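Here is a short note on how the inside of this model is packed. Please read the points with the structure open.

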Amino acid sequence: MTHKTPPNLTVVPDATALAQAAAKRLLARFAEPRERFAVALTGGSSPEGLYRLLATDPYRSQIPWGRVHWFWGDDRFVLQHDPRSNAGAARRLFLDRVPVLAANLHPIPTDAPNEDEAARRYEAELRAFYGADRLDPARPLFDVVLMGVGNDGHTASLFPGKPQVDETKHWVVGVPQAGMEPFVPRVSLTFPALASTRDMLFLVTGRGKRDILSRILAGADLPAARAHSDGDLVWLVDRDAAPERRDVA
Ligand code: 6PG
């Protein structure tokens with residue numbers, strides 16, 4: 001399956017503008033009249049600016065911390081204090097610096113005996129939070145899902161050529177072999193679970209992402225190009241990563 005329509009790209013001048021645009025998008029969701037919100041965070045370097053910003057005013061004071069639940073789209077199967085942990089990185093960059101409730105943090109349980117068991121437990125946690133075993137497109141699991149893209153076209157921990165890309169039954173899978181470093185097992189949400197969101201936001205920065213973005217725009221069948229959303233799907237891209245001259249938002 002490749003793109004029927006090209007991805008909806010929003011090009012901003014630089015990484016700072018990208019972090020601001022993403023933070024504004026989150027705040028706009030949090031301004032909606034809902035009892036609670038759910039965000040799926042991502043790993044890698046692209047969301048770091050956003051995470052720092054969320055711990056800083058004016059964003060910090062506008063986030064209804066008591067009503068926002070933080071999940072992860074994927075993690076490396078390492079403990080949280082390990083520098084490779086996506087949950088650990090988000091905690092250091094913002095979640096440990098804000099008035100978040102411990103009950104609202106939902107890291108992938110990487111203290112499980114193995115990555116498959118961690119996936120099974122996380123899937124059970126997501127189903128309990130959602131309150132049903134089947135995802136209803138009219139009632140998305142998440143409000144915002146943050147995504148990144150690797151140089152090989154992977155997203156979350158769904159790597160090209162690996163069976164997890166085609167998983168449709170499970171919400172979460174263990175990934176015994178990562179396709180890119182760090183080469184530790186991973187745990188990843190699957191495309192159907194990631195798609196259950198009002199907003200899916202890809203964050204892409206830097207010259208190093210230009211080639212993979214060109215391939216995705218040209219319709220290459222790569223995992224990141226297969227990502228879909230029950231709601232909006234936006235690629236927030238800085239000018240360095242944008243494949244060709246495009247108008248800057
Ligand atoms: C992970 C990420 C992964 C990431 C991309 C991009 O756990 O590795 O969730 O999907 O988003 O690899 O990473 P960079 O932003 O560092 O390029």
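1. Start with a cut-off: a residue is buried when its relative accessible area is under 20%. Phe71 has 0% relative accessibility, so Phe71 counts as buried. Phe129 is at 12%, and therefore counts as buried too. Keep in mind throughout that this is a predicted model.

2. What kind of pair do Phe71 and Phe129 form? Their rings meet edge-to-face. The centres are 4.9 Å apart, and the planes make an angle of 70°. Phe71 sits in strand β3 (residues 68-72), while Phe129 belongs to helix α5 (residues 115-130), so this pair ties together parts that lie 58 residues apart in sequence.

3. The search of the whole structure gives 10 aromatic pairs. One of them joins Trp65 and Trp70. That pair is tilted, with 5.8 Å from centre to centre and 35° between the planes. Both Trp65 and Trp70 are buried.

4. Ring pairs also build a cluster. Its members are Phe30, Phe37, Tyr51, Trp65, Trp70 and Phe94. The tilted pair of Trp65 and Trp70 can be viewed in that setting.

5. Now the nonpolar core. The largest one holds 80 residues. Which of them touch the most other members? They are Leu41, Leu50, Trp70, Phe94 and Trp235. Helix α1 (residues 15-30) contributes the most to this core, with eight residues. Trp70 and Phe94 appear here and also in the ring cluster.

6. Trp235 deserves a separate look. Setting aside neighbours within four places in sequence, Trp235 contacts Pro7, Asn8, Leu9 and Thr10, among others. Its list of contacts also includes Val149, Phe202, Val204, Leu213, Ile216 and Ala224.

7. Next, empty space. How many cavities of 30 Å³ or more does a search of the whole structure find? One. The largest cavity contains about 30 Å³ of space.

8. The lining of the largest cavity consists of Leu41, Thr42, Gly73, Asp74, Val145, Leu146, Met147, Ala156 and Leu194. By class, six of these residues are nonpolar, two are polar and one is charged. Strand β6 (residues 142-147) supplies the largest share of the lining, three residues. Leu41 links two of the points above: it lines the largest cavity, and Leu41 is among the core residues that touch the most other members.

Key. Residues are numbered from 1 along each chain as its sequence is written. This is a predicted model: local features need pLDDT of at least 70, side-chain atom pairs count only at pLDDT 80 or more; totals for chains, interfaces and linings use all residues. Side-chain values use heavy atoms; hydrogens and water are left out. A nonpolar core is a set of buried Ala, Val, Leu, Ile, Met, Phe, Trp, Tyr and Cys residues joined through side-chain atoms within 4.5 Å. Buried means under 20% relative accessible area, exposed over 50%, partly exposed in between (1.4 Å probe, protein chains only). Helices (H or I, at least four residues) and strands (E, at least two) are DSSP runs, numbered from the N terminus. Contact means heavy atoms within 4.5 Å. On a 1 Å grid over the protein atoms alone, a cavity is a set of points where a 1.4 Å probe fits but cannot get out, and a pocket is an open set with protein on both sides within 12 Å along at least five of seven lines; lining residues have an atom within 4 Å of a point. Grid points are joined across faces, edges and corners, and a volume is the space filled by probe spheres set on the points. Ala, Val, Leu, Ile, Met, Phe, Trp, Tyr, Cys and Pro count as nonpolar, Asp, Glu, Lys and Arg as charged, and the others, Gly among them, as polar. Rings of Phe, Tyr and Trp (its six-membered ring) pair if their centres lie within 6.5 Å; planes under 30 degrees apart count as stacked, over 60 as edge-to-face and the rest as tilted.
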